[in-house]
Amino acid sequence: MTRAVPIVADIAYHDLLDDPYPIFRRLRATAPAVYVEAAKLTLVTRFADIAAIERDPATYSADNPTSLVNKVMGPTFMRKDGAEHTIGRKAIEPSFRPATIKDHWAPKFTVICERLVRDLAEAGEADLFTALAAPMASLALMEMIGFEPMPWQRLAEWSQALIDGAGNYAGDPEVERKAMQAGADVDAAIEAVLDRHRESPNPTILSSMVNADPPMPIEAIRANIKVIIGGGLNEPRDAILTLVLGLLANPAQKQNVLAQPELWPAALEEAVRWISPIGMYPRRATRTVELSGVTLPQDLQIGLCVGAANRDDQRFPDPDSFDISRPKQSHLAFGAGPHFCAGTWVSRLTVGRIVGPMLFERLRNLRLRDEAPPIVRGWVFRGPVSLPVRWDA
Ligand code: HEM
């Protein structure tokens, strides 16, 4: 016998933002799907359920006609299913090929990281959010998209304004105005470079889009670039910071990685499992369906809490610990199924093989500052918002 989705009304939104993990634990123990009033959404938190959902895209659609993403950014393939999704995904694929990542992006991202670390080295202390992770993620994404060079802060501001607009369920007019302005600025930045990419094909995402067969229509280019700006900047930034935090807070593991650099990839995977940069993303039930004994009515919006699934003790023993030596076990930080993150391999390389190793090699004796502890926030997106550190200048 199946039952209706239970409702939980006693969770405060600020508790979800501060530390969602005790709440996720409670939701996992309560039911496969729970309506959380504070989030105004039905949340799925168990690993096995999310993995099963992502194996069945016909029942659990990424398409949501009422989504603010469509309003703020336009129609994007990331919120489509089937052929419409596949066409868009295939169009950007050349920019994300393993050989392109290795031969084209890795050298460029190494240069960006070297410059940022060199500028930092003398200072002896910094907040790695603004001094390293945010500019690194922004400058790398700017190159990948194929924009003209601009201050890293500008792309970061567009990204934040678009994310805020896509989450503006309260309808705040100022948030909407800023999102629309950012959208117009992005359209102008695309316009400024599109002919160049059309005439001289190259590995950038804009070039892949405009030279695809058939070429991506301009409205779709605009929408998809906005989603990539909204979704391709925070995550690598937060992955860098979480990786550094995990290692600095666990000095024995840090020593192991420094002594055995081949452990870096495992450290990156553990970082994004431990604090997943995207904690939740949405799906919609296309028909009334039973999920592990709970009935989800047709058209119900659900939030897949991969940040909760990645701490499910049915899958990961001692899930709250950061432990780079845990047995290899796939996680859901990059999603799963047809919408599996297109940026997975480029992020693994940038964060796990370039930024992490370079930071610990060049900023000697890197350590946390006892008097200024790190601050980690968020549940839909989660990561350190401040990571003050010190090193031997
Ligand atoms: C550590 C870094 C990253 C993490 C943890 C991450 C996580 C994710 C997740 C969970 C999804 C699935 C969302 C959904 O199904 O609704 C996703 C999708 C996507 N990501 Fe990432 N991401 C990262 C970096 C990047 C970067 C750097 C880029 C681009 C340069 C990127 C581009 C994309 C795209 C295009 C999709 C949509 C794929 C599709 O719908 O087919 N990601 N990402």
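**Exercise 1. Decide whether Val69 is buried or exposed, then place it among its neighbours.**

Solution. Start with the accessibility.
- Val69 has 17% relative accessibility. Buried means under 20%. Val69 therefore counts as buried. The model behind this value is a predicted one.
- Next, the element. Val69 sits in helix α4, which covers residues 68–73.
- Now the contacts, leaving aside neighbours within four places in sequence. Val69 is in contact with Gly74, Thr76, Ala166 and Val227.
- Last, a long-range distance. Val69 and Gly335 are 266 residues apart along the chain, and their C-alpha atoms are separated by 18 Å.

**Exercise 2. Follow the contact to Val227. Which helix holds Val227, and what does the residue touch?**

Solution. Take the helix, then the cover, then the partners.
- Val227 belongs to helix α11, which spans residues 218–231.
- Its relative accessible area is 16%, so Val227 is buried.
- Leave aside neighbours within four places in sequence. The contacts of Val227 are then Val69, Met73, Thr76, Met78 and Gly232.
- Compare the two contact lists. Thr76 is in contact with Val69 and also with Val227.
- Add a distance check. Val227 and Ile145 lie 82 residues apart along the chain, with 12 Å between their C-alpha atoms.

**Exercise 3. Work out the surroundings of Met142 in helix α7.**

Solution. Use the same steps.
- Helix α7 runs over residues 128–145 and includes Met142.
- Met142 has 4% relative accessibility. It counts as buried, because the cut-off is under 20%.
- Exclude neighbours within four places in sequence. What remains in contact with Met142 is Phe147, Glu148, Pro149, Met150, Pro151, Trp152 and Leu155.
- For scale, take Ala156. Met142 and Ala156 are 14 residues apart in sequence, and their C-alpha atoms are 9.9 Å apart.

**Exercise 4. Find how many residues of helix α3 are buried, and list the elements they pack against.**

Solution. Count first, then name, then look outward.
- Helix α3 covers residues 47–54. It is mostly covered, with 6 of its 8 residues buried.
- The buried set is Phe47, Asp49, Ile50, Ala51, Ile53 and Glu54.
- Strands among their packing partners include β4 (41–44), β5 (60–61), β7 (281–285), β8 (289–291) and β10 (301–304).
- Helix α15 is also one of the partners.

**Exercise 5. Which protein atom is the donor of the ligand iron, and at what distance?**

Solution. Read the donor, then its location.
- The only protein donor of the iron atom is SG of Cys341, at 2.3 Å. A donor here must lie within 2.8 Å of the metal.
- Cys341 is in the loop between α15 (306–309) and α16 (344–362).

**Exercise 6. Locate the backbone features at Pro214, Ser292 and Asp318.**

Solution. Take one residue at a time.
- Pro214 follows a cis peptide bond from Asp213, with omega about 0 degrees. Pro214 is in the loop between α10 (205–210) and α11 (218–231).
- Ser292 has a positive phi near 45 degrees, and it is not a glycine. The residue lies in the loop between β8 and β9 (294–296). At 45% relative accessibility, Ser292 counts as partly exposed.
- Asp318 is not a glycine either, yet its phi is positive, about 45 degrees. It is found in the loop between α15 and α16. Its relative accessible area is 52%, so Asp318 is exposed.
- Cys341 and Asp318 both belong to the α15–α16 loop.

**Exercise 7. Why can the chain be called as compact as a globular protein of its length?**

Solution. Set the fold inventory beside the global values.
- The chain has 16 helices and 14 strands.
- Its radius of gyration is 21 Å. The globule rule gives 21 Å for 393 residues, so the chain is as compact as a globular protein of that length.
- The C-alpha trace spans about 65 × 50 × 40 Å along the principal axes.
- Of the 393 residues, 54% count as buried.
- Take the contacts with a separation of 6 or more. Residues 24 or more positions apart account for 69% of them.
- The accessible surface is about 17,500 Å², and carbon and sulfur atoms hold 55% of it.
- Finish with charge. There are 43 positive and 48 negative side chains, and the centres of the two sets are 2 Å apart.

Definitions and conventions: Residues are numbered from 1 along each chain as its sequence is written. This is a predicted model: local features need pLDDT of at least 70, side-chain atom pairs count only at pLDDT 80 or more; totals for chains, interfaces and linings use all residues. Side-chain values use heavy atoms; hydrogens and water are left out. Helices (H or I, at least four residues) and strands (E, at least two) are DSSP runs, numbered from the N terminus. The radius of gyration is taken over C-alpha atoms; the globule rule is 2.2 Å times the number of residues to the power 0.38. Buried means under 20% relative accessible area, exposed over 50%, partly exposed in between (1.4 Å probe, protein chains only). Contact means heavy atoms within 4.5 Å. Accessible areas come from the Shrake-Rupley method with a 1.4 Å probe; for residues, only the protein chains shown count as cover. Lys and Arg count as positive and Asp and Glu as negative; His and the chain ends are not counted. The place of a charge is taken as NZ of Lys, CZ of Arg, CG of Asp or CD of Glu. Donors are N, O and S atoms within 2.8 Å of the metal (3.2 Å for Na, K and Ca); water is not among the atoms, so sites may look incomplete.
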